[in-house]
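Open the model in your viewer and show side chains as sticks. The stops below each begin with a selection.

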Amino acid sequence: MMQQAVSMKTEMMKSDRRTYEKFPPFYQNSIFHEPLADTRKLPLSERLAAADSIKDQGNKLFQEGLFDKANTKYEEAISVFKYLQVKEGYEGWKKDGKGLRDEIFHEIDVIGLDGDEGAGAAAAAAIKKHKIVCYVNIAACQLKMKGPGFVVCVQACDSALELDENNTKALYRRAQARLLPPSAGGPEEDLALG
């Protein structure tokens, strides 16, 4: 009886967040990057510097082989500019018993034309480049982690390709994710040895 109730509640919650469920995990997670709220309010040039610093932390973690932690840093670096923001009046959504639902957030995507001192084509290009690099780096992390990460890798590459349809790294990593078997050869190698 309890399992049935939990199952019904889960299905009801899914219907309340259809839009959210369609987003890739790296975008879904942006709603939880609350410590970045102050960074998102900085002037554009400072925001870009902070986002680059977070990305650099991700690069260091990647070099150390800490792919999951690096992935999180790349997600944070993107979410300085592209994120899900909780609407005013819903700040207590985590404790209200209703959970995450589409009505409590809206999408923010800063492209550099927001009136800051550095606004214009140069700022827009810098933000675009930053996003592309982070998406491609998320894809690299997902390839290293293998397994279900192949789907996220393709999603990250698709996001990069939306910004630059000829990005070589995004095209290459997406192809890798589509060609590599989900098992990355484990069972196949065992069968060949047997």
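The tour goes through salt bridges, cysteines, aromatic rings and charges over rings. The coordinates come from a predicted model.

**Salt bridges**

The structure has 8 salt bridges; three of them are visited here.

Select Lys-73 and Glu-76. Their side chains form a salt bridge with an N to O distance of 3.4 Å. Both residues belong to helix α5 (residues 67–78), where a spacing of 3 residues puts them about one helical turn apart. Colour the two by accessibility: Glu-76 is buried, with a relative accessible area of 17%, whereas Lys-73 is partly exposed at 21%. The limit for buried is under 20%, so Glu-76 at 17% falls below that limit and Lys-73 at 21% does not.

Next, select Arg-101 and Glu-103. Here too the side chains meet in a salt bridge, 3.4 Å from N to O. Arg-101 is buried, with 6% relative accessibility, while Glu-103 is partly exposed, with 44%.

Now move to Lys-131 and Asp-109. The N to O distance in this salt bridge is 2.4 Å. The two residues are 22 apart and connect distant parts of the chain: Lys-131 lies in helix α6 (residues 121–145) and Asp-109 in strand β2 (residues 105–109). Which end of this bridge is buried, with 4% relative accessibility? That end is Lys-131; Asp-109 is partly exposed, with a relative accessible area of 42%.

**Cysteines**

Select the cysteines, and look for disulfides: the structure holds 0. Start with Cys-134, which is buried at 0% relative accessible area. Then go to Cys-157, which is also buried, with a relative accessible area of 0%. Why does Cys-157 not form a bond with Cys-153? The sulfur of Cys-153 is the closest cysteine sulfur to that of Cys-157, but at 4.2 Å it is too far for a bond. A disulfide requires the two sulfur atoms to be within 2.5 Å.

**Aromatic rings**

Turn to the rings of the aromatic residues. There are 6 aromatic pairs in the structure. For one of them, select Tyr-20 and Phe-105. Their ring centres are 6.1 Å apart and the ring planes stand at 65°, so the pair is edge-to-face. This pair also links distant parts of the chain: Tyr-20 is in helix α2 (residues 18–22), Phe-105 is in strand β2, and 85 residues separate them. Tyr-20 is buried, at 5% relative accessibility, and Phe-105 is buried as well, at 6%.

Keep that pair selected and add Phe-23 and Tyr-27. Ring pairs join Tyr-20, Phe-23, Tyr-27 and Phe-105 into a cluster.

**Charges over rings**

Stay on Tyr-27 and add Lys-82. Lys-82 lies over the face of the Tyr-27 ring, 5.2 Å from the ring centre. Tyr-27 is thus a residue to view twice, once as a member of the ring cluster and once with Lys-82 over its face.

For the last stop, select Arg-40 and Tyr-83. The charged end of Arg-40 sits over the ring of Tyr-83, at 3.7 Å from the ring centre.

**Returning to strand β2**

To finish, select strand β2 (residues 105–109). Phe-105 in this strand pairs with Tyr-20 in helix α2, and Asp-109 in strand β2 pairs with Lys-131 in helix α6.

Note on methods:
Residues numbered from 1 in each chain as written. Predicted model: local features only at pLDDT ≥ 70, side-chain atom pairs only at ≥ 80, totals over all residues. Heavy atoms only, no water. Salt bridge = Lys/Arg side-chain N within 4 Å of Asp/Glu carboxyl O. Helix = DSSP H or I, 4+ residues; strand = E, 2+ residues; numbered from the N terminus. Buried < 20%, exposed > 50% of the residue type's maximum accessible area, 1.4 Å probe, protein only. Phe/Tyr/Trp six-rings, centres within 6.5 Å; stacked < 30°, edge-to-face > 60°. Lys NZ or Arg CZ within 6 Å of the ring centre and 35° of its normal.
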